[in-house]
Amino acid sequence: MPTADLAVDSANKHGILLEMVQVLTDLDLVISKSYICSDGRWFMDVFHVTDQLGNKLTDESLLLYIQQALCANRKQKGIWKELQGRLGREMNPRHFSTEHTAFEFTGTDRPGLMSEISAVLAELGCHVTAAVAWTHNSRVACMICLEDELKGGPIRDPKILAHLEEQLENVVEAHHKSGERRSVRLTGPVAGRTHTDRRLHQLMFGDKDYEKCCGGCDGSGDRIQVSIENCKEKGYSVVNVKSRDRPKLLFDTVCTLTDMHYVVFHAAVSSRGSIAVQEYYIRQMDGGTLGSDSERNRVAQCLIAAIERRVTHGLRLDIRIKNRLGLLSDITRVFRENGLSIRMAEIGVQGERASGSFYVTDFSGRDVNPSTIELIRKEIGGTIMAVNKSSAPPSLAASPNRDRSMATSRVENRPRFSLGSLWSQIERFSSNFGPVGCSK
């Protein structure tokens, strides 16, 4: 398969690898292979990249856009707009503007929770401009962007914000038993942007959704396998991950390692047919390795959870509809009244139109009856397309006797690459690559 080969040289800093992977995945590009090396001060990444159809990237404007995006110090508004014009399309990275009022919550995933939250927002005069939600291991994390229904723009009045947060806290509390873990957070506008996928990973991690992970299914029936060993002579912990390949897999694992405050010094990532193999040489921020079995087990659990979170379950419904006040409340109410549970959701507003995707099952987690979809179409209006059915959730597909108490943290073979062979891979491939230099 022909690929565009990108070599990125950059001064090293914590999180630089995640920034690079984030740029490529936000453009819906596929990273089929990657080699990463660092000497602690300087960083070199090599990416084999194609579009979603497996085609080589030949658009010079897109390649220039990638270069500008990777080199943050070169971003200029004039150049940015010019590049988007030359590409002939708007580039929309997965960000929420923090200039809006933002509502976040985590807790136990129970039917009707999002419907009740959306109803309260509508009743209190809040217009939803965007919303995303993930569910995993019976937990839910959600982000909702809000505007003032009457005035437009963010909600700034401290009294209104305090009342709104109190009402939302009451809704979430009503869906939880005493002592059950939950969180509610409402923030006013600030400068900057929030990357939605990364923030959802952080919310799920903070909610400890990884505690039940033990090398679970990744949606295809294949088990996710993670092994972690210490390489004492080099002073690294070596993390190997094997799973079904899918879009944004590299982002999910790198995001998790970064937000757990581990530094990736070297890595090799490749896909073999439908299977992805990732290997990372990491250290703690203070330079130490993963010193205990409990720490290694926790890292393995968190990586498994990160991979599982994006696995979709149920029927995907793509919705295109004219925007109106209370739209999210109407959609989620119709789902609830027809016995549907939301497993994953993403909806946003552009001008007068709203569009999004919802993955739904019935309340017990099973497939949706086709007749129910017809009822939903009539009640919601607009255009609703049933796209596909994905596999059953691991909790339904797995054996009832399955032990979920320990992650598979030491079940794989020893690391496939030595550091010497990794450097030789870099040198052999990078000689043919177009470099992207970022001096910082």
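**Entry 1: a helix pair.** I started with two helices and saw that α6 passes α8 in a right-handed crossing. This is a predicted model, so I kept the confidence check for a later entry. For the contact itself, I noted H201, M204 and F205 on the α6 side, with R298, C302, A306 and R309 coming from α8. Sorted by character, the residues of this contact are four nonpolar, one polar and two charged.

**Entry 2: the geometry of that pair.** I then looked up how the axes lie. Helix α6 covers residues 196-206 and helix α8 covers residues 293-309; their axes come within 11 Å and cross at roughly 130°. That angle is not over 145, the cut-off for roughly antiparallel, and α6 and α8 are therefore oblique to each other.

**Entry 3: aromatic rings.** My next lookup gave a count of five aromatic pairs. I opened one of them, Y236 with F265: the ring centres are 5.7 Å apart and the planes stand at 55°, so I logged the pair as tilted. I was pleased to find that it links distant parts of the chain, 29 residues apart. Y236 sits in strand β11 (residues 236-244), while F265 belongs to strand β12 (residues 262-272).

**Entry 4: confidence.** How far does the pLDDT support the model as a whole? I found a mean of 82 for the protein, with 78% of its residues at 70 or more. Residues 73-80 have pLDDT below 50, and this stretch has eleven contacts beyond near neighbours in sequence. Residues 391-437 are also below 50, and there I noted 117 such contacts in the model. A reminder to myself: where pLDDT is low, the predicted coordinates should not be read in detail.

Conventions:
Residues numbered from 1 in each chain as written. Predicted model: local features only at pLDDT ≥ 70, side-chain atom pairs only at ≥ 80, totals over all residues. Heavy atoms only, no water. Axes fitted to C-alpha atoms, helices over the stretch in contact; angles between N-to-C directions. Helix = DSSP H or I, 4+ residues; strand = E, 2+ residues; numbered from the N terminus. Parallel < 35°, antiparallel > 145°, perpendicular 65-115°, else oblique. Left-handed = near helix turned anticlockwise from the far one by under 90°. Contact = heavy atoms within 4.5 Å. Nonpolar A, V, L, I, M, F, W, Y, C, P; charged D, E, K, R; others polar. pLDDT = per-residue confidence, 0-100. Phe/Tyr/Trp six-rings, centres within 6.5 Å; stacked < 30°, edge-to-face > 60°.
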